[in-house]
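Please walk through this assembly from the relation between its chains, to the surfaces where they meet, and then to details inside single chains.

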Amino acid sequence: MNTSGPCFLLTDFGDRDAYVGVMKAVMLKHAPSLQIVDLCHAIEPQNIVSASYVLWSVAAHLPEGSFVVAVVDPGVGTKRRIVALEFAQWTLLAPDNGIASLVLDHMQCQRSWEIRWEEICPQPPSATFHGRDIFAPAAALLASKQRTLEQIGRPIDPASLVRIDLAPVETASGIVARILHVDRFGNLVTNVEAARWNIPGSQHWICCVGDEQLPLVRTYADRAPGEPLAYIGSSGFVEIAVCNGSAAKRYGNAPSVMLQTTKPTTA
Amino acid sequence: MNTSGPCFLLTDFGDRDAYVGVMKAVMLKHAPSLQIVDLCHAIEPQNIVSASYVLWSVAAHLPEGSFVVAVVDPGVGTKRRIVALEFAQWTLLAPDNGIASLVLDHMQCQRSWEIRWEEICPQPPSATFHGRDIFAPAAALLASKQRTLEQIGRPIDPASLVRIDLAPVETASGIVARILHVDRFGNLVTNVEAARWNIPGSQHWICCVGDEQLPLVRTYADRAPGEPLAYIGSSGFVEIAVCNGSAAKRYGNAPSVMLQTTKPTTA
Amino acid sequence: MNTSGPCFLLTDFGDRDAYVGVMKAVMLKHAPSLQIVDLCHAIEPQNIVSASYVLWSVAAHLPEGSFVVAVVDPGVGTKRRIVALEFAQWTLLAPDNGIASLVLDHMQCQRSWEIRWEEICPQPPSATFHGRDIFAPAAALLASKQRTLEQIGRPIDPASLVRIDLAPVETASGIVARILHVDRFGNLVTNVEAARWNIPGSQHWICCVGDEQLPLVRTYADRAPGEPLAYIGSSGFVEIAVCNGSAAKRYGNAPSVMLQTTKPTTA
């Protein structure tokens with residue numbers, strides 16, 4: 001039935017309106033049997049860093065042949081490019097604004113394209129809703145194999161794609177982290193990727209959040225209710241949580257965070 | 001596979017409960033291969049005006065043969081009618097409470113029906129959840145072509161349908177607008193339809209919100225971050241926004257709004 | 001096409017992240033044509049009582065052959081069991097933490113199993129996201145009939161399942177109720193099941209909320225706007241509402257509630 005894979009949607013369109021619904025209507029108009037799956041629509045408006053993390057959290061788990069449309073697009077109506085990125089297992093359609101940064105840090109982009117939307121839109125798109133007028137028809141036509149990227153795209157150099165540097169900073173005192181994303185439970189996802197920094201490795205790591213020192217443990221239940229903890233989250237980044245509580249409530253959404261190895265305290 | 005088109009859902013049921021989920025369960029019980037698509041479930045409880053706008057924002061983009069179920073229904077359990085409206089490309093099932101007003105302002109209703117729910121419900125429906133007990137089975141049976149409106153409906157005169165007058169008021173000083181809908185980004189959608197009022201046309205329009213005068217521009221990026229703007233939104237109505245911000249936060253959800261053409265100020 | 005029934009999802013994962021989206025990606029990777037349907041993802045984090053009610057509100061309406069995955073799982077990463085419960089019409093996959101309590105009060109569990117996740121996971125699951133690493137592949141393989149419970153489960157005694165006692169307490173003054181769930185409209189769902197307590201029966205019941213006495217009526221419209229009411233909700237439990245308003249705003253989420261039959265007041 002589906003000769004093509006599913007088409008996943010990631011946006012900051014929220015749920016108050018039919019913005020996502022109308023995108024789906026347009027997609028089904030162009031490809032009636034397309035399998036459309038929601039990834040997330042509650043990205044904080046225009047928060048490309050958070051979207052970049054959420055996109056990465058899914059990327060390794062996509063079925064082969066998946067198509068992902070990511071529309072977090074503060075530049076709608078300007079001349080920013082709309083691009084398609086081909087990875088080994090899946091294809092991404094998104095504005096060229098850095099939303100693919102974390103994915104590009106981890107996965108090889110095989111080919112990249114600028115979408116020539118004139119090939120898709122019978123009439124000029126609206127100035128404020130390219131999700132409906134460009135992304136939806138382009139995604140439907142591509143995901144259902146009615147069009148190829150050769151037909152509606154122009155090859156571009158992957159090195160020309162907009163990238164955001166999300167790496168933490170190593171200092172003499174430790175790894176200075178930033179928060180990429182605050183999740184539904186109030187867990188704070190840092191930009192410290194455990195595997196890249198050999199965490200836990202053979203060393204004893206702690207996570208300093210403001211003035212507090214948190215142990216690096218395996219899961220929530222390794223701490224008593226109400227106690228904070230650091231752990232390696234399900235996407236491989238160090239996260240900060242409070243057992244049965246909310247780290248975002250305890251520390252705010254953007255506390256000062258540093259990862260350190262413990263040293264013997266000197267007298 | 002789908003001989004019929006997709007079935008879209010629009011409700012004020014929100015996401016805290018399984019109200020939408022149980023509707024889908026009932027629909028799939030009656031029509032296992034029905035393609036069900038969410039339009040929006042976050043309509044403010046019982047806000048028929050907002051629902052009317054959201055429904056209109058989707059109507060022109062529906063695939064041919066679509067079926068739409070709209071349940072924003074403060075009159076559940078009373079004698080208000082449940083009606084089906086046939087348009088050229090799609091069919092609407094809804095309570096007869098004005099939710100179709102904006103659609104009816106723009107699209108020709110070819111035939112309309114009152115649903116005889118006794119034909120569908122094996123036992124009396126609950127007094128509080130007709131979405132589950134009447135709308136879901138009726139929609140599933142109709143959208144999957146197991147029943148026709150001739151079988152479960154009674155023809156009614158489209159002129160008898162409840163309508164809400166949502167048109168703006170023209171005065172000597174300008175067009176007095178009201179807010180139909182506040183979107184996820186805090187944009188305020190007015191009831192001033194650009195095409196009907198020849199906006200922009202050859203005149204220079206401004207939008208007065210309270211004491212402020214906003215220019216009518218093409219898109220968000222035509223203003224600096226933090227600056228307010230008026231523009232023609234993606235559904236053809238004049239909208240009010242703040243570039244990279246929220247008009248709802250700046251002006252509240254229901255400010256005084258007037259559209260005016262600029263005149264030379266007299267000394 | 002679907003030899004199996006639909007697979008329904010119920011979680012407390014919310015919508016801020018792609019936790020549900022990545023579960024769906026994993027499910028479709030294992031079973032590309034699986035029909036996945038959202039029941040609810042906005043269960044208050046770790047609120048097993050509310051989840052138990054929401055699950056029950058759907059159970060009687062599921063299509064035959066349905067598969068339900070319910071992940072509200074404060075014990076993730078601990079040794080709590082993951083169990084599958086077979087009912088006459090449907091199968092439930094959930095942590096063994098009481099989430100099935102209300103269903104088990106009403107429906108006969110025919111067979112129950114502990115899932116041997118080692119049979120499904122090629123590598124050890126993460127410590128914090130069993131929804132993605134165990135529930136999603138197990139559900140996809142079972143719902144699509146690629147695996148049977150005999151193959152990946154170990155039979156257990158239904159009597160060994162964790163149960164939460166949610167029954168109200170009968171006292172000399174009346175039935176002391178508790179609130180199971182607060183819905184999107186601010187309606188308060190009590191644990192008093194009308195049929196079990198013969199409500200309304202031939203007696204005249206009132207519902208005491210704090211100091212107020214509410215009449216037991218049929219539907220919202222039986223009271224004037226702003227007036228509180230008690231009624232038998234669509235799942236068969238007594239609920240408390242305010243006509244065109246919110247009982248949760250008026251009374252809070254957990255008021256003192258008692259069901260009483262009226263007696264002649266003595267002088």
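The paragraphs below take up symmetry, interfaces, a sheet, a salt bridge and some backbone features in turn.

The model is a predicted one, and a useful place to begin is with the way its chains are related to one another. Two copies of a chain are related by a rotation about an axis and a shift along it. For chain C and chain B, the superposition requires a rotation of 120° with 0.0 Å of shift along the axis, and the RMSD is 0.0 Å. This is the relation of a three-fold axis. Chain A is placed on chain B by a rotation of 120° as well, again with 0.0 Å of shift along its axis and an RMSD of 0.0 Å.

What do these relations look like at the level of the contacting residues? Of the interface residues of chain C, only 10% are also interface residues in chain B, and the copies therefore meet through different surfaces. The figure for chain A against chain B is only 9%, so here too the copies meet through different surfaces.

Consider first the contact between chain C and chain B, to which chain C contributes 31 residues and chain B contributes 32 residues. About 2,500 Å² is buried between chain C and chain B, and 56% of this lies on carbon and sulfur atoms. Within the area that chain C buries against chain B, H61(C), R184(C) and S234(C) account for 27%, which is more than any other three residues supply. Three elements of chain C, namely β2 (36-40), α2 (48-59) and β10 (179-182), each provide at least two residues of the side that touches chain B, and β2(C) gives the most to that side, with 4 residues. Sorted by class, the side of chain C that touches chain B holds 17 nonpolar, 9 polar and 5 charged residues. How many salt bridges cross the interface of chain C and chain B? The rule finds 0 salt bridges there, whereas 10 residue pairs, both members at pLDDT 80 or more, are in polar contact between chain C and chain B.

The contact between chain A and chain B can be read in a similar way. Here 32 residues of chain A touch 31 residues of chain B, and the area buried between chain A and chain B is about 2,500 Å², with carbon and sulfur atoms giving 56% of it. The count of salt bridges between chain A and chain B is 0, while the count of residue pairs in polar contact, with both at pLDDT 80 or more, is 10. On the side of chain A that touches chain B, the largest share comes from helix α1 (residues 19-30) of chain A, which supplies 8 residues. That side of chain A comprises 16 nonpolar, 8 polar and 8 charged residues.

One of the elements met at the interface, β10(C), leads into the fold of chain C. In chain C, 9 strands form an open sheet of mixed pairing, in the order β8-β9-β16-β12-β13-β14-β15-β11-β10. The edges are taken by β8 (169-170) and β10 of chain C, each of which has a single partner strand, so one side of each is left without a neighbour in the sheet. Strands of a sheet pair through backbone hydrogen bonds, either parallel or antiparallel. In the case of β10(C), 3 bridges join this strand to β11 (residues 188-193) of chain C, and the two run antiparallel; H181(C) has V189(C) in β11(C) as its bridge partner.

Although the salt-bridge count is 0 between chain C and chain B and 0 between chain A and chain B, the structure holds 36 salt bridges over all chains. One of them joins E114(A) to R154(A), with the closest N and O atoms 3.3 Å apart. This pair links distant parts of the chain, since E114(A) belongs to strand β6 (residues 111-115) of chain A and R154(A) to strand β7 (residues 153-156) of chain A, 40 residues apart.The loop between β11 and β12 repays a closer look at its backbone. In chain A, P200(A) lies in the loop between β11 (188-193) and β12 (205-209), and the peptide bond from I199(A) to P200(A) is cis, with omega near 5°. N198(A) is found in the loop between β11 and β12 of chain A, and its phi is near 55°, a positive value in a residue other than glycine. In chain C, the peptide bond from I199(C) to P200(C) is cis, with omega near 5°, and P200(C) sits in the loop between β11 and β12 (205-209) of chain C.

Methods
Residues numbered from 1 in each chain as written. Chains lettered and ligands numbered in written order. Predicted model: local features only at pLDDT ≥ 70, side-chain atom pairs only at ≥ 80, totals over all residues. Heavy atoms only, no water. Least-squares fit on C-alpha atoms with pLDDT ≥ 70 in both. Contact = heavy atoms within 4.5 Å. Buried area = accessible area lost by both parts, 1.4 Å probe. Salt bridge = Lys/Arg side-chain N within 4 Å of Asp/Glu carboxyl O. Polar contact = N/O pair within 3.5 Å; in protein donor to acceptor, adjacent residues only side chain to side chain. Nonpolar A, V, L, I, M, F, W, Y, C, P; charged D, E, K, R; others polar. Pairing = 2+ DSSP bridges.
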